[in-house]
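Trainee: Could you walk me through one part of this model in detail? I'd like to hear about a pocket and whatever is packed beside it.

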Amino acid sequence: MTGTDSPRILLYTGKGGVGKTSVAAATALRCAEQGLRTIVLSTDAAHSLADSLDLPLGPEPTPVAERLWGQEIDVLHQMDKYWHTVQQYLASVLTWQGIDGLVAEETSVLPGMDELAALLQIVKLYDDRQYDLIVVDCAPTGETLRLLSLPEAARWYLEKIFPLQRTLAALAGPLLRGMADIPVPDRGVFEAIEHLIKELGRMHALLTDPEVTSVRLVMNPERMVIKEAQRTYTYLNLYGYATDLVVCNRVWPEAAGEGYFGAWREIQGRHGRLIDEAFAPLPIRRVPMFEQEVVGLAMLRRMAEATYAGQDPAAVFYRGPRQQIVPKGDGYHLRLPLPFAERGDVQLTRIGDELIVRIGNQKRNIILPRALQALDVGKATFEGSWLVLEFAGKEGTEGN
């Protein structure tokens, strides 16, 4: 890869505390040592990237090692760039309602805007073409998924609601200003919102291009962590993001001995089979629990070797078909890639928000998104190598 090629983007996400910051930092270090100009940054407001690298980082790209930079994003600068005009308007509305000026200023920052501003930094780094690889340590999965869903919602708002609001403000603004001292959004507010939404659209285009961006799920072999990762994977597919790798971190090694640690290895072995069932055919890498904390460049090198075993971390590890959720009439079709399977081989079991698909002695465990949880599973058909499951409204509640 040269400086004239399009940069590659790797997003690492997972439940808080699973070690995704360490995996992201280890990946970045490995790629830099293989010759790629690499930057690693975090969208998590609780920055731990500097702690993982055991080096100070600042709001601008900071040299960490040869061809490697780290950055703790200056969220205030990003907020001022993308949200300042709108924030001023919201603060004026809150002040008009009698809220103290300083409190109004703080309250006008909507939840998630700081993480969103950090994500928009990815677009800038991509456009600058200063790096071959951008590695992102994302916020914990809940916050990340809300942010990744924003571009689709924003596009709908821009196309359907925004023109009407802008027209109404233009027509009613002079009248409202004449009747009362009510803050009315001016053209600058609408232009700022429009610019932000367009930036979100560009961010979505970059992050959903599977040749540019790969999402990688980091988890531990623990049941609650796996369930959250399953849910994350479902929503990543729903929003169009390509996942190419699963990293199972902190697996107890054989060298840990028997007794107490042997019992943990047995539990983790069972959970490991669940990981295989839930995420096949994605490649799964298992990283051992090291005898010391993964902090500093030396330990990050060990983690990178255990994770990638001589392979290029910047490669696309999986390009195959992914599960899809497609609206159909009043319901949805859930499409699962199941090559070599036949209709008679498939058994379906529904338990709450989980759908278990059995094919012979193989099993897929899928967490359903909210839109499908309230619906009944209808018939199952095959379209080529795809299993298509119909979801429709429950009897007597069609359309609810």
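Mentor: Sure, and keep in mind that this is a predicted model. Let's take the second largest pocket, which has 20 residues in its lining, with Gly19, Ser22, Arg250, Glu293 and Val294 lying nearest the centre. Its volume comes to about 360 Å³. Three elements each give two or more residues to that lining: H1, helix H2 (49-53) and strand E7 (243-251). Of the elements, H1 gives the most, with three residues. As for chemistry, the lining splits into nine polar, seven nonpolar and four charged residues.

Now follow H1 away from the pocket. This helix covers residues 20-33, and its axis comes within 8 Å of the axis of helix H10 (residues 297-308), the two crossing at roughly 90 degrees. With that angle, H1 counts as roughly perpendicular to H10, because the range for that label is 65 to 115 degrees. On the H1 side, the contact uses Ser22, Val23, Ala25, Ala26, Thr27, Leu29, Arg30 and Glu33. H10 answers with Leu297, Leu300, Arg301, Met303, Ala304, Glu305 and Tyr308. Sorted by class, the residues of this contact are nine nonpolar, four charged and two polar. Ser22 is a nice one to click on: this residue is among those nearest the pocket centre, and it also takes part in the contact with H10.

Definitions and conventions:
Residues numbered from 1 in each chain as written. Predicted model: local features only at pLDDT ≥ 70, side-chain atom pairs only at ≥ 80, totals over all residues. Heavy atoms only, no water. Axes fitted to C-alpha atoms, helices over the stretch in contact; angles between N-to-C directions. Helix = DSSP H or I, 4+ residues; strand = E, 2+ residues; numbered from the N terminus. Parallel < 35°, antiparallel > 145°, perpendicular 65-115°, else oblique. Contact = heavy atoms within 4.5 Å. Nonpolar A, V, L, I, M, F, W, Y, C, P; charged D, E, K, R; others polar. 1 Å grid on protein atoms, 1.4 Å probe; cavity = no way out; pocket = protein on both sides within 12 Å on 5 of 7 lines; lining within 4 Å. Points joined across faces, edges and corners; volume = space filled by probe spheres on them.
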